[in-house]
Amino acid sequence: MSIFNVSSVIKNIKTSASIAIRAKTVELNKQGENVISFATGEPDFDTPENIKKAAKHAIEIGFTKYTAVDGIVDLRKAICHKLKIDNNLVYSANEIIVSNGAKQALYNTLRTICNPGDHVIVPTPCWVTYPEQIKLTGAIPIFTYGNESNNFKLTVNELKKKITKKTRGMIINSPSNPAGAVYSKRDLEELSEFALEKNMWIISDEIYEKLVYHNKKHISIASISPEIKNLVITINGLSKSYAMTGWRVGYAAGAKEIIKSMKKLQGHTTANINSITQKAAIEALTGPQDFIDLMLTEYYSRKNKMLEYFNSLERVSCNNPDGAFYVFPNVSKLYGAKYEKGILVNDFDIANYLLEYAHIAVVPGSSYYCPGYIRLSYATSMENIEKGLERMSIALQNLVF
Ligand code: PLP
C-alpha cells in the first residue's frame, strides 16, 4: 500500500462544493471574465471599528499568550449574558466553550457525543459540513427530506420515519442555510417533545440568529423547557452577526459534563482560540449593537430584489426566506432546456451553465442534498445583484425549451 494512501475516514469525506465553485470562479476571473459570485456564505460588510479597536488594544497590552482552553472567563461570561438577554437561557461560564468558529464547536459536539455507528439525523437541505463532520466521528448521517411547502423545516413525521435504536441525536438549524427557514415556537415544541420521548440530543446551530426578517423571532430550542435544555447543545458564533468570519469565534452551550468533555478534546487539538480574537469578541457582544440593524436592513432589500426577480420568471419559483442571507429558488422546470453545448439535465448543469454563460457563480442544490434548486447568497452588493440578475436573464433567454 502506498504511503500516500490516506485513511478510509478521510477518503470518505467530500470537499465542499462552494469551495470548488470558488476555485472555478477564481480561475475564470484570472482569465479576465469578471464573474459575480453568489456562492459564498460570508458577510460582505467589514468588521465594525469598535471590534477591530479592541483587538488592536489586546495586541498593544501584550494579550498574546495561551489562554484557558475553553476561552477567557470574561468572554464566557459575556456569552452567558448574551444567552440570557437574547435567548432566555441561563448558563454559567462552565457550561460554555469557545471554539474556532461554530464549525469547531459543532465538531467538538459531534465528536463528544457520537460513537462509531451511531445515527445522527440531518434535515435536508442542509449545510454541507454536517454530514461530513458526522462521518468524521464514525457516526452515520441519516437524512430527512424537507418539503418546499413549509420551507424544508424538519417535522416529527419525518423524524418518525428515520428514528432507530441507533439514533443519537438530530441537528436543527434555524434560521437555516440554504433555505432561510425560521422555526416557530410550535415547531420547536413538537421537536422537543419527540426528543424528550426518545431521549436524544438536539444540536441546535443558531449561527444566523441575528438575520431574521418579517417580524419573525428567533427562538432557541433549549429555551422551550428546562427538561429539553438538558438535551440541547446550542451552537453559535460571531461570524455572521458581526461580520467576523476570519476571526474564528464560535461557541457551544450545554450541560456541564458535555462541555467539560469538549474541553478535553479541544485541549488536545487547537487548545484556546486566538487570544486577540477573544478580546474582540467581548467587545462585539457587549459593545454597541446598531451595526446588526444596519446590516439587516441592507440584506432585507437585497433579498426582496432577488425574490422579485426569481418569482417573475416563468420557469422558476422561490420561497420567501425568513432568515439568513440566501435565496433557494426551485429551478427544476429548467431541466430539459437546450443550449449550444447540450441539454441541462440537473442543477449541476444549471450552475455550470450560469457560470459559463452568465458569469455568475451559484451553488447547486444537490450540494445540500436537495436537487432541483440553486442557492444564491445575497451577501454581496446591490450593484452586483442587479448586474448578476441581468446577466442571468440574458442567459435564460438563450435557452430553448
Ligand atoms: N453553521 C452554518 C449553518 C453555516 O452556514 C456556517 C458557515 O457558513 C457555519 C455554521 C460556520 O460558521 P463559523 O464561521 O462560525 O465556523
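Reader: What makes Ser 239 a polar contact of the ligand?

Author: An oxygen atom of the ligand is 2.7 Å from an N or O atom in the side chain of Ser 239. A polar contact is a pair of N or O atoms within 3.5 Å (inside protein, one must be able to donate a hydrogen and the other to accept it, and sequence neighbours count only if both atoms are side-chain atoms), so 2.7 Å qualifies. Bear in mind that this is a predicted model, where local features need pLDDT of at least 70, side-chain atom pairs count only at pLDDT 80 or more, and totals for chains, interfaces and linings use all residues. Residues are numbered from 1 along each chain as its sequence is written, and side-chain values use heavy atoms, with hydrogens and water left out.

Reader: Which polar side-chain atom lies 2.8 Å from an oxygen atom of the ligand?

Author: That one belongs to Arg 248. For Ala 102, a polar backbone atom is 2.7 Å from a ligand oxygen. The protein covers 92% of the 400 Å² of accessible area that the ligand has on its own (Shrake-Rupley method, 1.4 Å probe; for residues, only the protein chains shown count as cover).

Reader: How many residues surround the ligand?

Author: The count is 13, and the closest are Ala 102, Asp 205, Tyr 208, Ser 239 and Lys 240. A residue is near if one of its heavy atoms lies within 4 Å. Helix α5 (residues 101-113) gives the most to this shell, three residues; helices are DSSP runs of H or I with at least four residues, strands are E runs of at least two, and numbering starts at the N terminus.

Reader: Why is Asn 151 called buried or exposed?

Author: Its relative accessibility is 11%. Buried means under 20% relative accessible area, exposed over 50%, partly exposed in between (1.4 Å probe, protein chains only), so Asn 151 counts as buried. Asn 151 is in the loop between β4 (140-145) and α7 (156-162), and its phi is near 55°, positive in a residue other than glycine.

Reader: And what does Asn 34 count as?

Author: Partly exposed, because its relative accessibility is 45%. Asn 34 lies in the loop between α2 (17-30) and β1 (36-37), also with phi near 55°.

Reader: Which peptide bond has omega near 5°?

Author: The one from Thr 124 to Pro 125, which is cis. Pro 125 lies in the loop between β3 (119-124) and α6 (129-136). Most peptide bonds are trans.
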